[in-house]
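Okay, thanks for coming, everyone. Let me put the structure up, and then I'll walk you through a few spots in it.

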Amino acid sequence: MYSGLVHAHSGLRWIALLLLLAAVGTAVSRWQKRSSFTESNRKLYLFTLISVHTQLVLGLALYFMSPKVNFDLMSDKVYRFYTVEHLVGMLIAIVLVTIGYSRSKRMSGAMNKHKTVAIFMGLGLLIILAMIPWPFRGLGAGWF
């Protein structure tokens, strides 16, 4: 079960990242062009929100069963990353994505909606990219 969750969490990150890139790119583009806020924009932003929340649920399940989470070994960079840094960074990023989506729903004016999504989801994307255990970081994770 643990191995399946790890693969699901690692594989679905690509969907979440693609949706985040699409949402931020769309929001920035439409904000700069002063374009209208369409139903397809709303759906893209909603699916982005759903994807990061799905990652959160999978990540929390992994957090409580992972051998890489160990508070006794905080001096080791791998254990510290998975025990504290990854969790806190991703929670902050998911909160930012959620705030961006929620605030944009309540705003009036297409430009304000796109600007809000661009800023909050953009910040969330940057934090997520920084907190992913990429293979080149030496944290014991692969591409999938």
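Let me start with a question: is Arg42 buried, partly exposed or exposed? Arg42 is partly exposed, because its relative accessible area is 29%, and the partly exposed class runs between 20% and 50%. Keep in mind throughout that what you're looking at is a predicted model.

So who does Arg42 talk to? Its side chain meets that of Glu39 in a salt bridge, with 2.6 Å from N to O. Both residues, Arg42 and Glu39, sit in helix α2, and they are three residues apart, which is about one turn of the helix. And Glu39? Glu39 is partly exposed too, with a relative accessibility of 44%.

Now, how many salt bridges does a search of the whole structure find? Two. You've just seen the pair in α2; there is also Arg80 with Glu85, where the closest N and O atoms are 3.0 Å apart. Arg80 comes out as partly exposed, at 31% relative accessible area, and Glu85 is partly exposed as well, at 31% relative accessibility.

Okay, let's zoom out to the fold. The protein chain has four helices and zero strands, so if you read along the sequence you get α-α-α-α. In terms of extent, the C-alpha trace spans about 50 × 25 × 25 Å along its principal axes. The chain has 144 residues, and 36% of them count as buried.

Next, the packing of the first pair in the numbering. When two helices pack, we describe them by the angle between their axes and the distance between those axes. Here, helix α1, residues 2-32, and helix α2, residues 39-63, pack at an angle of about 155°, and their axes are 8 Å apart. That angle is why we call α1 roughly antiparallel to α2; the cut-off for that label is over 145 degrees. For anyone keeping track of handedness, α1 and α2 make a left-handed crossing.

While we're there, have a look at the loop between α1 and α2, where you'll find Arg34. What is odd about the backbone of Arg34? Its phi is positive, about 60°, although Arg34 is not a glycine. As for its surroundings, Arg34 is exposed, since its relative accessible area is 62% and the exposed class begins over 50%.

Moving along the chain, Lys77 lies in helix α3, which covers residues 77-106. With 45% relative accessibility, Lys77 counts as partly exposed. Which residue has its C-alpha atom 9.4 Å from that of Lys77? That's Gly138, and the two are 61 residues apart along the chain.

Last stop, the surface. Ile119, Leu123, Leu126 and Leu129 together form a nonpolar patch there, with about 340 Å² of accessible area between them. Take Leu123 as one of those residues: it's in helix α4, residues 110-131. Is Leu123 buried, partly exposed or exposed? Partly exposed, because its relative accessible area is 40%.

To recap, then: four helices with no strands, two salt bridges in the whole structure, a left-handed crossing of α1 and α2, and a nonpolar surface patch that includes Leu123. That's my tour, happy to go back to any of these views.

Terms used
Residues are numbered from 1 along each chain as its sequence is written. This is a predicted model: local features need pLDDT of at least 70, side-chain atom pairs count only at pLDDT 80 or more; totals for chains, interfaces and linings use all residues. Side-chain values use heavy atoms; hydrogens and water are left out. Patches are made of residues with over 30% relative accessible area and no salt bridge: like charges are joined within 9 Å, nonpolar side chains (Val, Leu, Ile, Met, Phe, Trp, Tyr) within 5 Å. Accessible areas come from the Shrake-Rupley method with a 1.4 Å probe; for residues, only the protein chains shown count as cover. A salt bridge is a side-chain nitrogen of Lys or Arg within 4 Å of a carboxyl oxygen of Asp or Glu. Helices (H or I, at least four residues) and strands (E, at least two) are DSSP runs, numbered from the N terminus. Buried means under 20% relative accessible area, exposed over 50%, partly exposed in between (1.4 Å probe, protein chains only). Axes are lines fitted to C-alpha atoms, for helices over the stretch in contact, and angles run from 0 to 180 degrees between N-to-C directions. Angles under 35 degrees count as roughly parallel, over 145 as roughly antiparallel, 65 to 115 as roughly perpendicular and the rest as oblique. A crossing is left-handed if the near helix is turned anticlockwise from the far one by less than a right angle, and right-handed if clockwise.
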